[in-house]
Amino acid sequence: MESIDDYENRAENMEDIERLTISSKPQKIKFRTVIVLRSINAPYVSNTVVGDKIKIPVGMFDHYFKHKVVEPVRRTKKEIKIKDNG
Amino acid sequence: MVESGSKILLRVDDGGTLKSLVGEVSSEFSMSADMIETTQKDSVDASGNPVKTYIAGETGFTFSVEGLHDPTGDWSVFTIIEKCKAGTSHTFQLGAVAANSKFLSGTGLFSSVSFSPSKNEVPSVSAEIQGTGEVVEGTVAP
């Protein structure tokens, strides 16, 4: 029968294998095209000027849109509502 | 629900693809704010005792990573040394890989790198990244 120590060692090894499998796999970033409204020092929007059409990761769009740093090239109905009310 | 730190990785944006740095074993994000002292002679508490007063100043952040040497990796110690010498800035992301996981993203420069090969051990690598500008919270796209 497997001892608790053996079980814990096996669990740690499995976690290591899982971590290495995850970490060794490159992950494509999904980008979205936006227009710069304000130039700030932050990832993907540094060194841009107002009116530039740039690409930012989809997962960071909400933060920049909420702070009026960027606006989408094509806005969804939900985004139009947020902008008009914001 | 708590999450294992093993699933949270520091990765670098390499031409639109996130790649892990060295054979990561641990990573760290650290943020600090300057405290500007505003104490005056009349800065006193209710009993008239002198107290120090401050206002918040500029904020800054750093990332660091420790890992095992893997010379075949995309971002091995050799790549990091090359980028450190060139002084180029890169965008980093610290967070889990799974969809809808939160992450921190920041632009930074490699400020130090160390490589420690020891007898009968896998050589270790560590690097410090000085953040520049804002650190932004994001969510991994599904």
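This report describes how chains A and B touch in a predicted model, and then turns to the nonpolar cores.

## Where the chains meet

In this predicted model, the contact between the two chains draws 22 residues from chain A and 25 residues from chain B. On the side of chain B that touches chain A, the elements contributing two or more residues are β1 (8–14), β2 (17–20), β6 (102–116) and β7 (124–139) of chain B. Among these, β7(B) gives the most, with seven residues. When the residues on this side of chain B are sorted by class, 13 are polar, six are nonpolar and six are charged.

## A pairing of strands across the chains

Strand β1 of chain A, which covers residues 27–28, pairs with β2(B) in the antiparallel sense, and the pairing runs over two bridges. Within β2(B), B:T17 is the bridge partner of A:K28.

## The nonpolar cores

In soluble globular proteins, nonpolar side chains tend to be buried together. The largest nonpolar core here has 17 residues, and those touching the most other members are B:L10, B:L21, B:V22, B:V65, B:I80 and B:A127. Two or more residues of this core come from each of β1, β4 (54–68), α1 (77–86), β6 and β7 of chain B, and β1(B) supplies the largest share, four residues.

B:L21 may serve as an example: leaving aside residues up to four places away in sequence, B:L21 touches B:L10, B:R11, B:V12, B:V65, B:G67, B:W75 and B:A127. Apart from the largest core lies another core, of 15 residues, which includes A:A42 and A:I56 from chain A as well as B:F103 and B:V136 from chain B.

Key:
Residues are numbered from 1 along each chain as its sequence is written. Chains are lettered from A and ligands numbered from 1 in the order in which they are written. This is a predicted model: local features need pLDDT of at least 70, side-chain atom pairs count only at pLDDT 80 or more; totals for chains, interfaces and linings use all residues. Two residues are in contact if their C-beta atoms, placed from the backbone, lie within 7 Å. Ala, Val, Leu, Ile, Met, Phe, Trp, Tyr, Cys and Pro count as nonpolar, Asp, Glu, Lys and Arg as charged, and the others, Gly among them, as polar. Two strands pair if DSSP finds at least two bridges between them. A nonpolar core is a set of buried Ala, Val, Leu, Ile, Met, Phe, Trp, Tyr and Cys residues joined through C-beta atoms within 7 Å. A residue is buried if 20 or more other C-beta atoms lie within 10 Å of its own, exposed if 12 or fewer, and partly exposed in between; C-beta atoms are placed from the backbone.
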